[in-house]
Amino acid sequence: MQLLWPIALITFKEGIRNRSIYGISLLALLMLIANFIISDMIGHEVGKVAVDIALSAVSFSGLLLVLFVGINLMAKDLDRKTIYMVLAKPISRAQYIFGKFLGITLLIITCLGILSCFAAVSLLLIKLGHQHYFQRFSWPLVCLSFSFIALMLILVSALSFLFASFTSTSFVTFILTIISYIIGVSLSDVKALVEAPQAVGIKVSPVTVKVVQGAYYIFPNLSFFDIKIQAAHGLPVPPSYIIGVVAYSVVYTLIVLTLASLIFRKKEFP
Amino acid sequence: MNMGRFFPVILLLALIPLYFSTLSTLSLMNKRLPKGDEVNVVLPSPILKITSLDFDGLSSDILYLKTLVFYGSTFVGKDANKQQRKLKESEFNWIYDMLKASTDLDPYFLDPYLFANGILTWEANKIRETNKLLEKGNHYRDWDYWLPFFLGFNHFYFLGDNEKGAEYLMEASKKPGASPLYGHLAARLAYKSNKVENAIIFLENMLEKTDDKTMRKDYETRLKALKAILFLEKGVAAYKEKTGRNPSSLAKLQELGLVEWLPVDPYGGEFYIDKDGSIKTTSDLRDMKKTQSNQENP
């Protein structure tokens with residue numbers, strides 16, 4: 001841990017100084033301002049729509065953070081060859097990967113914390129104006145949803161580490177990460193569709209079904225982290241589910257990071 | 001004098017009016033471009049669930065708002081003179097598909113159900129489709145008394161199924177926050193068939209719970225029409241009691257002094273007595289002005 005901390009700290013500092021963060025925060029702010037306008041158009045469930053928009057704004061901005069800042073932090077060391085200086089120190093490549101990951105995790109938690117505060121303020125203000133329409137609103141569920149978004153983004157970030165470990169450019173890492181995210185969030189819906197294609201009147205070949213079922217076990221199922229609808233309607237989320245999601249994300253993240261460090265150990269630098 | 005310093009300012013001053021004129025011309029030209037129908041195919045819900053990625057709730061809100069904006073755009077004119085054009089069957093179908101998709105993405109979202117109930121029943125006569133939507137909502141929102149209340153009303157008023165209507169009303173009366181009137185109304189439905197009188201009680205309740213201005217206006221007009229029908233029905237009943245037969249026209253009621261005045265149909269039609277003695281109106285409780293203005297501007 002003592003060896004990981006300096007790398008984590010420097011990665012975090014580098015990330016927080018990145019100008020992209022300002023742009024991402026501005027986008028999040030604009031989305032949260034839009035929340036006031038859109039919620040006003042709703043007749044009854046103002047609370048639900050406000051929560052939907054607030055959570056989606058945080059989730060989307062967080063994703064941009066991982067894709068544009070997170071990946072860049074990893075790639076910069078390789079592109080600028082500053083990695084030689086780090087690896088010349090008495091630390092292993094695995095320690096380097098875990099340290100970097102720790103730094104990016106810190107960055108995600110900090111940025112998401114700030115974005116969540118903005119989102120909470122927007123919710124609070126809308127709630128003050130439409131008290132009557134927030135009857136099923138629950139702060140603990142909204143906070144839980146923010147935490148699940150953070151866990152999901154940390155997992156996506158771990159995946160980007162895996163891709164960065166075997167690709168040569170950050171652009172390929174970016175593309176692979178974004179594809180994995182799309183697959184991850186829609187996997188359970190796609191699986192449901194190919195297993196019961198008659199719902200939309202299409203035919204699916206048995207090979208496709210097998211491929212999707214295979215992908216279901218390989219790619220992370222990011223829909224586990226999506227409790228926005230439950231948060232928006234104040235529907236209960238059992239504690240066992242919360243424990244399950246935390247366990248799933250920790251195990252998956254560790255598997256991916258271990259794989260990344262294994263591949264990274266064999267990587268040859270030009 | 002150094003012209004170079006002022007050139008960018010002069011250029012800007014010339015470009016800004018040019019920008020606004022091109023903007024207005026282009027938006028006019030864009031409107032004239034041959035386009036498909038504004039209302040189009042709605043993707044099946046399982047596909048929409050995939051394409052909305054991590055944002056099912058937000059997509060549901062967007063689909064609902066899009067439907068709301070489209071419905072709002074069917075009102076033409078300004079403020080007081082605002083009139084709605086008659087919607088085509090395909091447009092009603094699109095509204096239904098959109099609301100169905102919105103509630104597939106988030107089946108707990110109340111607004112699309114209320115909107116469907118307000119628009120698709122009275123105006124589009126899509127009672128069974130609306131009931132299907134409401135049943136879905138009722139299944140998910142098991143704490144809500146509104147949806148079984150509307151289901152009860154639709155079964156009683158549109159489908160003439162008092163038994164089922166009473167069943168839903170009983171269900172509504174047991175939900176938290178429900179008006180104690182629901183149980184009473186359910187009992188009335190189960191034993192009597194005073195359709196208009198019961199409909200008035202239903203509508204008064206709906207009006208009480210509705211904030212939306214357009215919906216309120218709609219309910220108020222309908223309530224006014226139903227009250228006029230009830231008033232005339234009572235006159236007919238009195239006539240029948242006196243003479244032993246149905247009156248041949250409404251004027252007869254006035255002649256005998258059974259009604260002091262003949263009410264006007266707020267939908268622009270005229271009340272008349274049907275062969276079976278029931279009160280009907282030429283407007284069929286749909287806005288006559290809407291139909292006329294639609295015929296003028298096809």
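Is B:Asp56 buried or exposed, and what is its relative accessible area? In this predicted model, B:Asp56 is buried, and its relative accessible area is 10%.

**Salt bridges**

B:Asp56 pairs with B:Lys49 in a salt bridge, and the closest N and O atoms of the two are 3.3 Å apart. The partner, B:Lys49, is partly exposed, with a relative accessible area of 25%. The bridge therefore joins a buried aspartate, B:Asp56, to a partly exposed lysine, B:Lys49.

A second salt bridge of chain B links the side chains of B:Lys100 and B:Asp104, with 3.2 Å from N to O. Both residues lie in helix 4 (residues 89-105) of chain B. They are four residues apart there, so about one helical turn separates B:Lys100 from B:Asp104. B:Lys100 is partly exposed at 34% relative accessible area, and B:Asp104 is partly exposed at 22%. The value for B:Asp104 is 22%, and the cut-off for buried is under 20%, so B:Asp104 does not count as buried.

The side chains of B:Asp274 and B:Lys280 also meet in a salt bridge, with an N to O distance of 3.0 Å. B:Asp274 counts as partly exposed at 27% relative accessibility, and B:Lys280 counts as partly exposed at 33%. Elsewhere, salt bridges that share partners join A:Lys48, A:Asp52, B:Asp61 and B:Asp106 into one network. This network has members from chain A and from chain B.

The table lists the three pairs described above.

| Salt bridge | N to O distance |
|---|---|
| B:Lys49 and B:Asp56 | 3.3 Å |
| B:Lys100 and B:Asp104 | 3.2 Å |
| B:Asp274 and B:Lys280 | 3.0 Å |

How many salt bridges are there over all chains? The count comes to 18 salt bridges, and the pairs in the table are among them.

**Cysteines**

How many disulfides does a search of the whole structure find? The search finds zero disulfides over all chains. Why is there no bond at A:Cys117? The closest cysteine sulfur to that of A:Cys117 belongs to A:Cys143 and is 9.3 Å away, which is too far for a bond. A disulfide needs the two sulfur atoms to be within 2.5 Å. Seen from the other side, the sulfur of A:Cys143 has that of A:Cys117 as its closest cysteine sulfur, again at 9.3 Å. A:Cys143 counts as partly exposed, with 42% relative accessibility.

Technical notes. Residues numbered from 1 in each chain as written. Chains lettered and ligands numbered in written order. Predicted model: local features only at pLDDT ≥ 70, side-chain atom pairs only at ≥ 80, totals over all residues. Heavy atoms only, no water. Salt bridge = Lys/Arg side-chain N within 4 Å of Asp/Glu carboxyl O. Buried < 20%, exposed > 50% of the residue type's maximum accessible area, 1.4 Å probe, protein only. Helix = DSSP H or I, 4+ residues; strand = E, 2+ residues; numbered from the N terminus.
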